[in-house]
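Subject: A structure for you to explore

Hi there,

Here is the structure I promised to pass on. Have it open while you read, and follow along at your own pace.

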Amino acid sequence: MKSKRTAMASVIAGACLTGALAMTGATPASAAPAAPADWRDCPANSVCVWDHSNYTGAFLAGGVNVSNVGPTLNDRTTSLWNRSGSRICFYQHSNYGGEVLASVAPGESRPNIGSHANDRISSWGTC
Ligand SMILES: [Ca+2]
């Protein structure tokens, strides 16, 4: 893990650390590899995005306003879950700039955001 450059990087590092700890914990009965970060890692009241469809791959959890998703997830979001109580708009550029690529109701999740928005999101906020 690199040293923390931003608070969001810390969140990602924490998710990675959780996975590493899981791997070094009690040996599971099966030889299956450690599960990737997935939808179960998204805390209540958070907004979460993933690199791949169906809530898999690199993962970021944030509040209702994230002005920049950071280098790991920039232009990589493919699935998302709005667990907040607010409608959230996902933007093409940082600082809520550019096109609104998705407008997601409270509680709504999208296992695949579709080809237009795929791998283009850089920030999100209430709308
Ligand atoms: Ca992606």
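Let's begin at the hairpin of S1 and S2, where three residues lie between the strands and Asn 54 takes a positive phi near 60 degrees. Please keep in mind that this is a predicted model. Asn 54 belongs to the loop between S1 and S2, and its positive phi of about 60 degrees comes although it is not a glycine. Why is that worth a look? Most residues other than glycine have a negative phi. With a relative accessible area of 48%, Asn 54 is partly exposed.

Asp 75 is another residue to look up: its phi is near 55 degrees, again a positive value in a residue other than glycine. You will find Asp 75 in the loop between S2 and S3, and at 35% relative accessibility it counts as partly exposed.

Now for the two strands of the hairpin. S1 covers residues 47–52, and five bridges join it to S2, with the two running antiparallel. To see the pairing for yourself, try Val 47, whose bridge partner in S2 is Gly 62. Then find Trp 50, which stands opposite Phe 59 in S2.

Is strand S2 largely enclosed or largely open? S2 spans residues 56–62, and five of its seven residues are buried, so the rest of the structure largely encloses it.

Both strands belong to an open sheet of four strands, in the order S2-S1-S3-S6 and with antiparallel pairing. The edges of this sheet are S2 and S6 (109–110); each has a single partner strand, so one side of each is left without a neighbour in the sheet.

There is a second sheet to find. It is open too, with three strands in the order S5-S4-S7 and antiparallel pairing. Here S5 and S7 (123–126) stand at the edges, and each has a single partner strand, so each has one side without a neighbour in the sheet. On average, neighbouring strands of this sheet are turned by 30 degrees against each other, direction ignored. Between S4 and S7 there are four bridges in the antiparallel sense; one place to check is Ile 88, whose bridge partner in S7 is Thr 126.

Next, the metal. Which protein atoms are the donors of the calcium ion? They are Asp 51 (O), Asp 51 (OD), Arg 76 (O), Thr 78 (OG1) and Asp 119 (OD), at 2.2 to 2.6 Å from the ion. Along the chain, these donors follow the spacing D-x24-R-x1-T-x40-D. Asp 51 and Arg 76 link distant parts of the chain: Asp 51 sits in strand S1, while Arg 76 is in the loop between S2 and S3 (79–82), 25 residues apart. Asp 51 is buried, with a relative accessible area of 8%, whereas Arg 76 is partly exposed, at 32%.

Now look inside. The largest nonpolar core has 16 residues, and those with the most contacts inside it are Val 49, Leu 60, Val 69, Leu 80, Phe 90, Ile 121 and Trp 124. Which elements give two or more residues to this core? They are S1, S4 (88–93) and S5 (97–104), and S5 brings the largest share, with three residues.

Val 49 is a good residue to click on. Leaving aside its neighbours within four places in sequence, Val 49 is in contact with several residues, including Ala 58, Leu 60, Leu 73, Leu 80, Phe 90 and Trp 124. There is also a second, separate core of seven residues, which includes Cys 42, Cys 48, Phe 59 and Trp 81.

Finally, step back to the whole chain. Its secondary structure comes to one helix and seven strands, and from the N terminus on the elements run α-β-β-β-β-β-β-β. The chain has 127 residues, of which 33% count as buried. It exposes about 6,800 Å², and carbon and sulfur atoms supply 55% of that area. Among contacts between residues at least 6 apart in sequence, 63% join residues at least 24 apart.

Have fun with it, and write back with any questions!

Best wishes

Conventions: Residues are numbered from 1 along each chain as its sequence is written. This is a predicted model: local features need pLDDT of at least 70, side-chain atom pairs count only at pLDDT 80 or more; totals for chains, interfaces and linings use all residues. Side-chain values use heavy atoms; hydrogens and water are left out. Buried means under 20% relative accessible area, exposed over 50%, partly exposed in between (1.4 Å probe, protein chains only). Two strands pair if DSSP finds at least two bridges between them. Donors are N, O and S atoms within 2.8 Å of the metal (3.2 Å for Na, K and Ca); water is not among the atoms, so sites may look incomplete. Contact means heavy atoms within 4.5 Å. Accessible areas come from the Shrake-Rupley method with a 1.4 Å probe; for residues, only the protein chains shown count as cover. A nonpolar core is a set of buried Ala, Val, Leu, Ile, Met, Phe, Trp, Tyr and Cys residues joined through side-chain atoms within 4.5 Å. Axes are lines fitted to C-alpha atoms, for helices over the stretch in contact, and angles run from 0 to 180 degrees between N-to-C directions.
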